[in-house]
Amino acid sequence: DIWFDKLAFQPAQAIFGIASGKTTGRGLGLGYPEVIPIADSDYVYAAIAEETGVVGGSIIIIAVIIFVIAGVRTSLEARDMFTKLCSAGLTAFIGFQALVNVGGILRALPMTGITLPFVSHGGFSLITSFAMLGMLMAFSNRNARDRVIADRPATKNVSPLKLEAVE
């Protein structure tokens, strides 16, 4: 039987968990994430979708989409090429990481073992995700400061000293 084959056991259990969550889920703490192998790192989206349903799974996907939109906006508003490329790369890295993880759990893409950013239990993955978030926030802060400086009206450099010889 295909559902109990050792090669397809993890994806099948993940799909069963998502399907048993239905629309609103079983409730927090009422699911059975221990049935899904590696539910704390690779298949955490399946465990969340089981307990919170399609609503909770959609909230995670919407949060990633908002993150990617904010990163692209940071990249587009940057004044120098380094900030543009770095913020675009960091945003794409996190976006594709989430896409590959959720796509692998939903069996739309092959499962590669990439964790879901900011959600999965993975020490190094979590540290690098927050480091990338910190860099994006620094770029966004610098963009906001540059925008404030650029929006200031240009004033003449009027010295408080009156030099009579120049007049």
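In this predicted model, the contact of H3 with H4 brings Phe 82, Thr 83, Cys 86, Ser 87, Leu 90, Thr 91, Phe 93, Ile 94 and Gln 97 of H3 up against Ser 125, Ser 129, Met 132, Met 135, Leu 136, Phe 139, Arg 142 and Asn 143 of H4. Sorted by class, the residues of this contact come out as 9 nonpolar, 7 polar and 1 charged. As for geometry, helix H3, which covers residues 81–105, packs with H4 at an angle of about 145°, and the two axes lie 10 Å apart. The crossing of H3 with H4 is left-handed.

H4 also turns up at the largest pocket, which holds about 170 Å³ of space. Helix H2 (44–77) and helix H4 (123–151) are the elements that each give two or more residues to its lining. That lining is made up of Phe 67, Ala 70, Gly 71, Arg 73, Thr 74, Glu 77, Leu 133, Leu 136, Met 137, Ser 140, Asn 143 and Arg 147. By class, 5 of the lining residues are nonpolar, 4 are polar and 3 are charged. Leu 136 and Asn 143 appear in the pocket lining and also in the contact of H4 with H3.

Over in helix H1 (residues 9–21) sits Ile 18. With a relative accessible area of 19%, Ile 18 falls under the 20% cut-off and therefore counts as buried. Setting aside neighbours within four places in sequence, Ile 18 touches Ala 46, Ala 49, Ile 105 and Leu 106. As for Ile 48, its C-alpha lies 8.3 Å from that of Ile 18, with 30 residues separating the two in sequence.

Conventions:
Residues are numbered from 1 along each chain as its sequence is written. This is a predicted model: local features need pLDDT of at least 70, side-chain atom pairs count only at pLDDT 80 or more; totals for chains, interfaces and linings use all residues. Side-chain values use heavy atoms; hydrogens and water are left out. Helices (H or I, at least four residues) and strands (E, at least two) are DSSP runs, numbered from the N terminus. Buried means under 20% relative accessible area, exposed over 50%, partly exposed in between (1.4 Å probe, protein chains only). Contact means heavy atoms within 4.5 Å. On a 1 Å grid over the protein atoms alone, a cavity is a set of points where a 1.4 Å probe fits but cannot get out, and a pocket is an open set with protein on both sides within 12 Å along at least five of seven lines; lining residues have an atom within 4 Å of a point. Grid points are joined across faces, edges and corners, and a volume is the space filled by probe spheres set on the points. Ala, Val, Leu, Ile, Met, Phe, Trp, Tyr, Cys and Pro count as nonpolar, Asp, Glu, Lys and Arg as charged, and the others, Gly among them, as polar. Axes are lines fitted to C-alpha atoms, for helices over the stretch in contact, and angles run from 0 to 180 degrees between N-to-C directions. A crossing is left-handed if the near helix is turned anticlockwise from the far one by less than a right angle, and right-handed if clockwise.
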